[in-house]
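Colleague: Please take me through the ligand site and the pocket, and give the criterion behind each term.

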Amino acid sequence: MTLWIGTANHGFATYAMEELRRLFNEIKLNQLAPNEIFRMEVPQDREETLALLRQKEPIFLRHIQPVDRSLPIMGNADDLEALSELVRNSRLRCEHKRTAVHLRRADNSPFQYTAADTKLVLDAVLSEAGGEPSLQSPELILSIYAGAEELHVGWGTPEEQLSDWPGGAVRFQREDGQISRAKFKLLEAERAFKLDFATFKEALDIGAAPGGWTQLLLERGLYVTSVDPADLHPSLRQYPRLTYWKKNASEVKFQPEAFDLLVCDMSWSPMQMSKLVLEQIGALADGAAAIITVKLMHKKPLQTIRDVIAKLQTSFELKRAKQLFHNRDEITLYLVKK
Ligand SMILES: C[S@@+](CC[C@H](N)C(=O)[O-])C[C@H]1O[C@@H](n2cnc3c(N)ncnc32)[C@H](O)[C@@H]1O
């Protein structure tokens with residue numbers, strides 16, 4: 001039997017739990033933070049659990065941490081001492097490894113310390129234990145969830161925890177001249193799906209305005225054709241590699257196999273969006289990648305997602321389907337043209 005703490009975007013934990021129930025027959029689930037963070041108990045051991053999650057990664061599970069130990073919270077400095085002791089006893093695990101300390105706290109937790117304070121103390125202990133305290137690209141993460149009564153502590157790699165950010169809450173720095181927050185969605189998709197947009201040449205962006213996604217692809221050096229009845233941000237005019245069609249996606253037609261990347265963030269009815277994407281299939285080269293957001297407009301997101309994927313799979317192979325941290329009422333698909 002193993003214990004874990006799972007996290008989904010706020011409001012979506014019920015769907016993550018539904019997916020997990022389908023994956024693990026005898027799973028026990030309890031919510032820790034309403035519709036966001038939950039405790040999960042499975043009969044499988046750690047490796048079996050991780051293997052099942054890898055086989056069919058739940059769309060709405062943003063982050064998962066193992067619970068190797070649970071320590072009662074005293075509400076004073078003894079808590080930091082207990083955590084330090086746990087790290088001191090973990091030399092074998094963390095020796096010579098770039099190790100990050102991630103702390104999250106429930107609103108009602110009596111644990112008194114901030115993430116920064118906890119990290120400061122535990123980084124020093126980690127160094128003494130032969131680890132290499134690190135924030136950037138850690139090999140190992142010590143995850144601590146401070147609940148109402150206990151500190152739930154577990155070690156895991158970023159791959160095992162599905163993210164190298166605390167709770168999977170990916171934070172990007174806002175840049176000067178950034179056109180829209182939507183740009184973060186595409187940046188996160190690039191990282192989450194292990195893509196490098198700079199390796200593509202010609203992108204088609206449908207539903208492009210105001211132009212955050214177009215901006216990112218232009219910055220990566222691609223030629224971009226953007227389609228939207230709404231205006232693109234004027235700052236994008238500086239790019240000679242941009243072609244802009246101020247039209248509805250149903251009104252444009254391109255040369256066969258003109259693009260090796262299609263992106264679509266139309267926030268519109270998912271079935272209509274799928275239809276418009278499929279209408280452009282001839283303009284995509286074989287093996288072209290597609291990054292598409294699917295708006296969850298209905299009460300049954302899992303069914304909506306199944307329907308959209310079934311429709312798109314007529315012409316695409318599905319690589320990943322994930323609700324990213326920057327997705328609101330939507331998920332992101334990564335597909336490849338068959
Ligand atoms: C969420 S915004 C896209 C944001 C964009 N990804 C960015 O980074 O700035 C959705 C856009 O889809 C466009 N849209 C909706 N239906 C469309 C259609 N049938 N054809 C083309 N664009 C459409 C809307 O005009 C709107 O500008």
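Modeller: A residue counts as near a molecule if one of its heavy atoms lies within 4 Å of it. This is a predicted model, in which local features need pLDDT of at least 70 and side-chain atom pairs count only at pLDDT 80 or more, while totals for chains, interfaces and linings use all residues. Residues are numbered from 1 along each chain as its sequence is written, and side-chain values use heavy atoms, with hydrogens and water left out.

Colleague: Which residues around the ligand come nearest?

Modeller: There are 18 residues around the ligand, and Gly212, Trp213, Asp228, Ala249 and Asp265 come nearest.

Colleague: What makes the approach of alanine 249 to the ligand a polar contact?

Modeller: A polar contact is a pair of N or O atoms within 3.5 Å (within protein, one must be able to donate a hydrogen and the other to accept it, and residues adjacent in sequence count only if both atoms are side-chain atoms). A backbone N or O atom of alanine 249 is 2.8 Å from a nitrogen atom of the ligand, so the pair qualifies. Alanine 209 has a backbone N or O atom 3.2 Å from a ligand oxygen atom, and a polar backbone atom of proline 210 lies 3.4 Å from an oxygen atom of the ligand.

Colleague: What is the peptide bond from alanine 209 to proline 210 called, cis or trans?

Modeller: That bond is cis, with omega near 0°. Proline 210 sits in the loop between β10 (202-206) and α7 (212-219); strands (E, at least two residues) and helices (H or I, at least four) are DSSP runs, numbered from the N terminus.

Colleague: What makes the largest pocket a pocket and not a cavity?

Modeller: On a 1 Å grid over the protein atoms alone, a cavity is a set of points where a 1.4 Å probe fits but cannot get out, whereas a pocket is an open set with protein on both sides within 12 Å along at least five of seven lines. The volume, the space filled by probe spheres set on the points (joined across faces, edges and corners), is about 720 Å³ for the largest pocket. Of its 27 lining residues (an atom within 4 Å of a point), Leu162, Ser163, Ala192, Lys194 and Arg320 are closest to the centre.

Colleague: Why is the largest pocket said to lie between domain 1 and domain 2?

Modeller: Domain 1 (2-168) and domain 2 (182-337) both give residues to its lining, so the pocket lies between them. The bounds come from an automatic or database domain assignment.
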